[in-house]
Amino acid sequence: MISILALAVLLQAAPVPVAAKPADPVAADWRDVPADELLVLNLAGDRRVVIRLAARYAPVHVANIRMLAKAHWWDGTSVYRVQDNYVAQWGDVSGKKPLPPGVVAKPPAEYQARYDAVARLARPDPYAASSGHSADGWPVAGRGGQGWLTHCYAMVGVGRDMAPDTGNGAELYAVIGHGPRHLDRNIALVGRVVEGIEHLSSLPRGTGELGFYTKDEAPTAIVSVRLASDLPDATRPHFQYRAADNPRYRAWVKSRENREPPFFNVPAGGADICNAMPPVRATPAG
């Protein structure tokens, strides 16, 4: 028999369960990202970058990107521009590689759509009337019913020439510095790096104009680019986004706007959308 004293010692030693916070997600809040929305970019040196594609916001550009990946168009191209505190850009530096059949050479300007934020930040956005998160985990800003994805760290956009050119998706860039929000609604954003942004942000900076590599500098080779849906199960990445259409997520947004002690003594009372990016996580297969 356990004595009363021994029982008391055991009870005192038992771990105290941590109470759930209003901002904590439940299992149902995590939703799978479809495999055809994940673009896997393999760089030389066994470096993998995974991009979640934003098909709802730029359907024609994303359709082009899927066709380019299925045609293995990017294999053997390179990351040829790395501008400090701005972007890393990749594609065919010569600009002469023919596009695969079916790619729309001149897509529409997919720069904005309906504003669909369901979890909004407390303060107005300097670049918009409002900003927040869509139900399926994208950072968005809006004004007058129109909304757009925001140029934050690790977001992926389409390189283009001067307007009215909109780019076709063959030349892509990832933001690797402070969010260049002035680009919002001027360039099509097509996704977000959800894994491996460090493999782009840590590349040597180009010394040419706008960070382009000069002839004496070696660009980083692209080994392959594939949709996750086209990869074998054993090598296919799996990701989930946190759904924003619930009170737990709205509580999480407030927690990002008002950081708590013991480290934070003065709550900010608000946050920039780029400092409150929607949570995404990698998950095991199955």
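Does phenylalanine 263 count as buried or exposed, and at what relative accessibility? I looked this up before anything else and found 69% relative accessibility, so phenylalanine 263 counts as exposed, the cut-off for that word being over 50%. I note here that I am reading a predicted model.

**Entry: aromatic pairs**

I stayed with the rings and found a count of four aromatic pairs. In one of them, tryptophan 73 and tryptophan 74 have ring centres 6.0 Å apart and planes at 85°, so I wrote this pair down as edge-to-face. Phenylalanine 263 and phenylalanine 264 also form an edge-to-face pair, with 5.2 Å from centre to centre and 75° between the planes. I then checked the surroundings of these residues: tryptophan 73 and tryptophan 74 are both buried, whereas phenylalanine 264 is partly exposed, with a relative accessible area of 33%.

**Entry: the chain as a whole**

I stepped back to the protein chain, whose secondary structure comes to four helices and 16 strands. Its C-alpha atoms fill a box of roughly 85 × 45 × 35 Å along the principal axes, and 47% of the 286 residues count as buried. When I looked at contacts between residues at least 6 apart in sequence, I found that 71% of them join residues at least 24 apart.

**Entry: a sheet of five strands**

I next followed an open sheet of five strands, which are arranged in the order S6-S10-S9-S8-S7 and pair in the antiparallel sense. Strand S6 (113–114) and strand S7 (117–120) are the edge strands, each pairing on one side only.

Starting from S7, I found three bridges in its antiparallel pairing with strand S8 (residues 130–134), and there alanine 119 stands opposite histidine 133 of S8. S8 in turn pairs with S9 over four bridges, again antiparallel, and glycine 132 faces valine 140 in S9 across this pairing, standing opposite to that residue. The hairpin of S8 and S9 has four residues between the strands, and glycine 137 takes a positive phi near 85° in this hairpin.

I paused at strand S9 (residues 139–143), because four of its five residues are buried and the strand is therefore largely enclosed by the rest of the structure. Four bridges also join S9 to strand S10 (residues 146–149), with the two strands running antiparallel, and glycine 142 has glycine 147 in S10 as its bridge partner. Two residues lie between S9 and S10 in their hairpin, where glycine 144 in the turn has a positive phi of about 60°.

**Entry: helix H4 across the sheet**

Which residues of H4 are buried? I listed Tyr249, Trp252, Val253 and Glu257. They cover an arc of only 145° around the axis, which puts them on the same side of H4. I recalled the general point that an α-helix has 3.6 residues a turn, so residues three or four places apart point the same way.

I then asked what this side of the helix meets, and found that the buried residues of H4 pack against S7, S8 and strand S15 (239–242). H4 (residues 247–257) itself lies across S7 and S8, running at about 45° to S7. On the face turned away from the buried side I found the exposed residues Pro247 and Lys254. Last, I looked at the N-terminal end of H4, which is capped by asparagine 246: a side-chain oxygen lies 3.2 Å from the backbone nitrogen of arginine 248.

Note on methods: Residues numbered from 1 in each chain as written. Predicted model: local features only at pLDDT ≥ 70, side-chain atom pairs only at ≥ 80, totals over all residues. Heavy atoms only, no water. Pairing = 2+ DSSP bridges. Contact = heavy atoms within 4.5 Å. Axes fitted to C-alpha atoms, helices over the stretch in contact; angles between N-to-C directions. Buried < 20%, exposed > 50% of the residue type's maximum accessible area, 1.4 Å probe, protein only. Arc of directions from axis to C-beta. Polar contact = N/O pair within 3.5 Å; in protein donor to acceptor, adjacent residues only side chain to side chain. Phe/Tyr/Trp six-rings, centres within 6.5 Å; stacked < 30°, edge-to-face > 60°.
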